[in-house]
Amino acid sequence: MNRAETVGTAVRQELETLVSDRVIRGFSLAFVDREQAELSYHGVMGAMAPYSSRPVEKGLFYDLASLSKVVGTASRILQLAEEGQLSMDTPVSRLLPGFLWKEITVGQLLLHNSGLPAEIPDKPHLTRDNILERLFLTAPEAGPGERFEYSDVGYILLGLIIREGEGLKERMSLGESFRRHVFGPLGMDHTSFPVPEQAGLCIPTEMTENRGLICGEIHDSKAWLLGESGSAGLFSTLEDLVTFVRAYLTESDRLFTKETFRLIRETERFGRTYGWSREYGEGTLYHTGFTGTSILMDLDRSEGMILLTNRVHPDRDNPVFLEKRKKINQLWLKGSR
């Protein structure tokens with residue numbers, strides 16, 4: 001058994017133990033390199049009928065949650081920068097005239113160092129009618145560039161820039177922009193904001209008091225109100241995400257130019273680059289989604305690991321998975337180097 005097979009077996013065993021211990025109910029997993037991918041599926045879709053008797057298998061849709069930030073939003077913003085329609089130094093207020101804070105730039109939103117808070121204030125009272133008004137009234141808590149604060153606010157704003165930024169060439173829905181410029185060119189035919197036709201193939205997420213069991217609808221409350229958001233809400237399959245990761249590993253010109261890939265690799269602010277965390281060290285890119293999704297890449301070895309779960313099912317009180325995932329990531333990285 002070679003190194004990759006040994007590491008893959010160890011990672012799968014750790015995840016299968018989490019399933020047998022009912023920390024999670026199932027998972028979809030892929031190890032990816034420039035030439036090939038090893039995909040595996042284990043467990044069942046959920047904790048309750050009918051999902052408790054449905055096996056996890058190829059072609060199922062996962063709510064990506066904040067993986068949407070890198071798969072969709074950061075990808076399209078970086079493409080717009082390549083096209084010269086904006087730059088990392090462009091003030092957000094130039095693109096969104098209703099935005100009040102003149103010194104905050106597009107690049108700072110991507111890097112989560114704009115000074116904007118994590119959340120729109122008074123989150124429990126947001127509605128479809130008031131969320132955008134309250135978004136634009138959300139004030140910074142620090143100066144631009146002063147500190148890191150992981151901010152859904154910033155990525156919702158980036159989604160609005162893609163959709164309706166002043167001076168940009170196109171005006172279309174966020175989902176259509178992603179499809180036309182990111183997913184379509186890469187052949188990611190099963191990545192989108194949720195559509196009713198996919199509901200039967202969707203992995204369920206949380207059982208909630210207000211919405212019941214969430215399945216085939218966006219889990220994140222703000223993204224659910226918005227319908228299409230730059231912060232969360234995309235659904236995808238393991239197979240499509242393999243395609244996305246391979247685009248990074250091969251530096252595919254269907255996604256970015258070589259210069260943009262270099263920019264992503266060489267940028268570092270507070271442990272992050274454009275869209276991604278670099279918390280596992282130089283040469284790595286990492287991002288998670290609240291629902292239990294993650295992508296980890298080791299660019300030095302041109303390898304990636306994709307892990308998709310519904311760790312918030314049936315409820316979000318699941319700290320064991322978060323701790324175990326850190327150990328699994330370290331196990332994979334140790335074996336990949």
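Helices and strands here are DSSP runs, numbered from the N terminus. The model is predicted, and this report covers strand β8, its two neighbours and the largest pocket.

**Strand β8 and its partners**

Strand β8 spans residues 293-298, and six of its six residues are buried, so the strand is largely enclosed by the rest of the structure. Buried here means under 20% relative accessible area. In a regular strand, side chains alternate between the two faces of the sheet. In β8, Thr 293, Ile 295 and Met 297 point one way, while Ser 294, Leu 296 and Asp 298 point the other way.

β8 pairs with β7 in the antiparallel sense, and β8 and β9 also run antiparallel. Within these pairings, Ile 295 of β8 is the bridge partner of His 287, and Asp 298 stands opposite Glu 303 in β9.

| Strand paired with β8 | Bridges | Residues between the strands | Positive phi in the hairpin |
|---|---|---|---|
| β7 (residues 284-289) | six bridges | three residues | Gly 292, near 120° |
| β9 (residues 303-308) | six bridges | four residues | Ser 302, near 55° |

**The largest pocket**

The largest pocket holds about 1100 Å³ of space. It is lined by 43 residues, of which Glu 119, Lys 123, Asp 220, Phe 290 and Arg 316 are the closest to its centre. Strand β7 supplies at least two residues of the lining, as do α8 (221-226) and α11 (319-336). By class, the lining has 15 nonpolar, 13 polar and 15 charged residues.

Strand β7 thus links the two parts of this report: β7 pairs with β8 and contributes to the pocket lining.

Terms used. Residues numbered from 1 in each chain as written. Predicted model: local features only at pLDDT ≥ 70, side-chain atom pairs only at ≥ 80, totals over all residues. Heavy atoms only, no water. Buried < 20%, exposed > 50% of the residue type's maximum accessible area, 1.4 Å probe, protein only. Pairing = 2+ DSSP bridges. 1 Å grid on protein atoms, 1.4 Å probe; cavity = no way out; pocket = protein on both sides within 12 Å on 5 of 7 lines; lining within 4 Å. Points joined across faces, edges and corners; volume = space filled by probe spheres on them. Nonpolar A, V, L, I, M, F, W, Y, C, P; charged D, E, K, R; others polar.
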